[in-house]
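Visitor: I am new to protein structures and would love a close look at a single part of this one. Could you pick a turn, walk me through it, and then show me what the rest of the chain is like?

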Amino acid sequence: MATLRIEGGKRLSGCVAVEGNKNSALPLLAACLLTDEDCVLTNVPKIRDVEVLAQLMTGLGATIDGIGTTTLRVKCLDVTTDRPDPALVGKLRGSVLLLGPLLARRGSARLAPPGGDFPTRRTLSTHLQALAAMGAVLLDEPGHALEVPWGLAGASFYLDEASVTGTETALLAAAAAKGHTEIRHAAMEPHVVELCRFLRGMGVGIAGEGTSTLRIDAPQRLRGTSHRLDGDYVEAGSWGVVAAITGGEIEVTGARAGDMEVVAAPLRKMGLKCSWDDNRFIVEPSALAAARRITTGLWPGFPSDMISLVTVLATQADGRTLVHDWMYELRLFALEQLSGMGADLFLCDPHRIIVSGASRLRGKPLDTRDIRSGMALIAAALAADGESHVGPLETVERGYGSLVERLQSLGANVERMESAGHP
């Protein structure tokens with residue numbers, strides 16, 4: 001494992017281009033298993049989670065060219081097993097997206113408990129509910145074992161929560177199910193919409209993307225297709241916070257204006273000078289002020305993936321801000337480490353934290369527990385006086401490609417340190 005040594009107090013400025021949306025790359029890659037024809041994905045983020053899913057799919061019989069690059073060419077003439085590698089599944093929550101394609105191509109799926117961020121706090125009940133509605137039967141085996149004795153069949157059902165990966169799991173299965181499917185209380189995030197567009201390119205009839213009701217008609221045969229991923233708006237917002245918290249300025253390219261508006265709204269409430277158009281997000285040096293209250297929400301509400309970064313930014317804003325993430329409590333727990341850096345925090349409960357600023361932060365060792373809070377702690381260390389060591393770095397690299405090199409390009413004094421203590 002590696003840590004990131006950070007000498008804080010440097011103003012970061014420059015330009016960064018974001019790659020494709022991580023949260024789109026995983027379901028689109030899994031969708032390639034639905035057909036035996038060629039699929040091509042471009043603008044794919046060069047991150048660890050994509051590499052893990054590609055390795056899982058290779059183990060299932062797929063041929064994937066370009067792993068580690070921004071262009072992946074996928075072909076799966078035959079799915080050779082219904083049991084993805086349990087060790088790799090344990091590294092990636094997104095491995096749950098293989099359930100639908102496996103049921104479609106093999107008639108069964110045997111998935112070990114998925115890992116990733118907060119594995120014990122994020123259940124698969126919505127995913128399994130959707131698959132059961134389309135004919136899947138749970139087997140009395142360890143992990144998540146299912147079969148479809150009569151094949152996947154279209155159905156009409158209401159999801160018990162608007163889960164993003166739950167909706168995507170339902171979409172992937174419905175794309176290969178016989179008959180018409182209607183999914184109500186579906187997630188509306190941009191990456192769900194992007195999966196709908198990709199499946200339409202494979203020949204699936206889909207209506208209602210971007211709304212809470214999706215209607216799907218599977219074709220007789222799914223075909224191959226090509227697709228360029230939309231830019232990652234969470235990554236764009238992350239780089240904006242990194243520049244803002246150090247008093248710098250940045251131009252981030254690659255994300256869509258409509259997505260950036262949602263991310264930027266709370267940042268503007270904090271006094272951040274930022275602007276956006278299609279393909280550019282610009283942050284200028286700003287005098288930050290407390291926003292009183294910032295709350296996450298289902299799209300088009302403020303995304304939970306940004307809440308850790310906004311919490312760190314609030315430590316540098318004058319006044320008191322209540323941050324409320326009703327979705328994932330462990331992200332806020334991870335940020336308690338900021339208190340040891342000199343931040344003034346009060347954790348009300350697992351979902352709410354009060355930040356009083358502005359505080360002068362000082363460097364210290366920091367523990368990355370998930371992708372987003374890990375990136376937030378790196379931002380805090382960049383703004384702090386003195387030296388910090390943030391690790392494991394691999395946790396953050398699951399969602400941010402070429403992280404060290406991009407920080408250095410903005411002027412950060414950072415160095416990757418391997419576990420033996422040598423760069």
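**A hairpin and its surroundings**

Guide: Let's start at the turn. Strands E15 and E16 form a hairpin with two residues between them, and Asn279 in that turn has a positive phi of about 100 degrees. Please keep in mind as we go that this is a predicted model.

The two strands of the hairpin pair in the antiparallel sense, over five bridges. One of the pairs to look for is Lys273, whose bridge partner in E16 is Glu284. In numbers, Asn279 sits in the loop between strand E15 (273-277) and strand E16 (280-284).

What makes the phi angle of Asn279 worth a remark? Asn279 has a positive phi although it is not a glycine. Most residues other than glycine have a negative phi, and most peptide bonds are trans. Is Asn279 buried or exposed, or something in between? With a relative accessible area of 40%, Asn279 is partly exposed, because that value falls between the 20% limit for buried and the 50% limit for exposed.

Once you know what to look for, you can find another such residue. Ser402 also has a positive phi, about 50 degrees, and is not a glycine. Ser402 belongs to the loop between helix H13 (393-397) and helix H14 (403-409). Its relative accessible area is 36%, so Ser402 counts as partly exposed.

The peptide bonds have their own exceptions. Trp299 and Pro300 are joined by a cis peptide bond, with omega at about 10 degrees. You will find Pro300 in the loop between strand E17 (292-295) and helix H10 (307-314). Gly357 and Ala358 are also joined by a cis peptide bond, and here omega is about 0 degrees. Ala358 lies in the loop between strand E20 (352-357) and strand E21 (365-367).

Now let's step back from the hairpin to the whole chain. It has 14 helices and 23 strands. Its C-alpha atoms fill a box of roughly 65 × 45 × 40 Å along the principal axes. A compact globule of 423 residues would have a radius of gyration near 22 Å, and the chain has 21 Å, so the two agree. Of the contacts with a separation of 6 or more, 71% are between residues 24 or more positions apart. The accessible surface comes to about 15700 Å², and carbon and sulfur atoms account for 49% of it.

How much of the chain is buried? Buried residues make up 56% of the 423 residues. Helix H1 (residues 22-31) is a good example: ten of its ten residues are buried, so this helix is largely enclosed by the rest of the structure. Among the buried residues of H1 are Lys22, Asn23 and Ser24, along with Leu26 and Pro27. At the N-terminal end of H1, Asn21 acts as a cap, with a side-chain oxygen 2.8 Å from the backbone nitrogen of Asn23.

Next, look at how buried nonpolar side chains gather. The largest nonpolar core has 73 residues, and those with the most contacts inside it include Trp239, Leu338, Ile378 and Leu407. Helix H12 (residues 371-383) gives the most to this core, with ten residues. Apart from it lies another core, of 71 residues, among them Cys39, Leu53, Leu98 and Met202.

Trp239 is a good place to pause. Leaving aside neighbours within four places in sequence, Trp239 is in contact with residues including Val16, Ile250, Met375, Leu403 and Leu407. Another residue to visit is Val242, in helix H8 (residues 233-245). Val242 is buried, with a relative accessible area of 0%. With the neighbours within four places set aside, the contacts of Val242 are Leu12, Met375, Ala379, Leu382 and Leu407.

Our last stop is Ser373, which is in helix H12. Ser373 is buried, with a relative accessible area of 0%. The side chain of Ser373 makes a polar contact with the side chain of Asp370, at 2.5 Å. Beyond its neighbours within four places in sequence, Ser373 is in contact with Ser308, Arg331, Ala334 and Leu335.

So we can return to where we began: Asn279, in the turn of the E15 and E16 hairpin, with its positive phi.

Note on methods. Residues are numbered from 1 along each chain as its sequence is written. This is a predicted model: local features need pLDDT of at least 70, side-chain atom pairs count only at pLDDT 80 or more; totals for chains, interfaces and linings use all residues. Side-chain values use heavy atoms; hydrogens and water are left out. Helices (H or I, at least four residues) and strands (E, at least two) are DSSP runs, numbered from the N terminus. Buried means under 20% relative accessible area, exposed over 50%, partly exposed in between (1.4 Å probe, protein chains only). A polar contact is a pair of N or O atoms within 3.5 Å; within protein, one must be able to donate a hydrogen and the other to accept it, and residues adjacent in sequence count only if both atoms are side-chain atoms. A nonpolar core is a set of buried Ala, Val, Leu, Ile, Met, Phe, Trp, Tyr and Cys residues joined through side-chain atoms within 4.5 Å. Contact means heavy atoms within 4.5 Å. The radius of gyration is taken over C-alpha atoms; the globule rule is 2.2 Å times the number of residues to the power 0.38. Accessible areas come from the Shrake-Rupley method with a 1.4 Å probe; for residues, only the protein chains shown count as cover. Two strands pair if DSSP finds at least two bridges between them.
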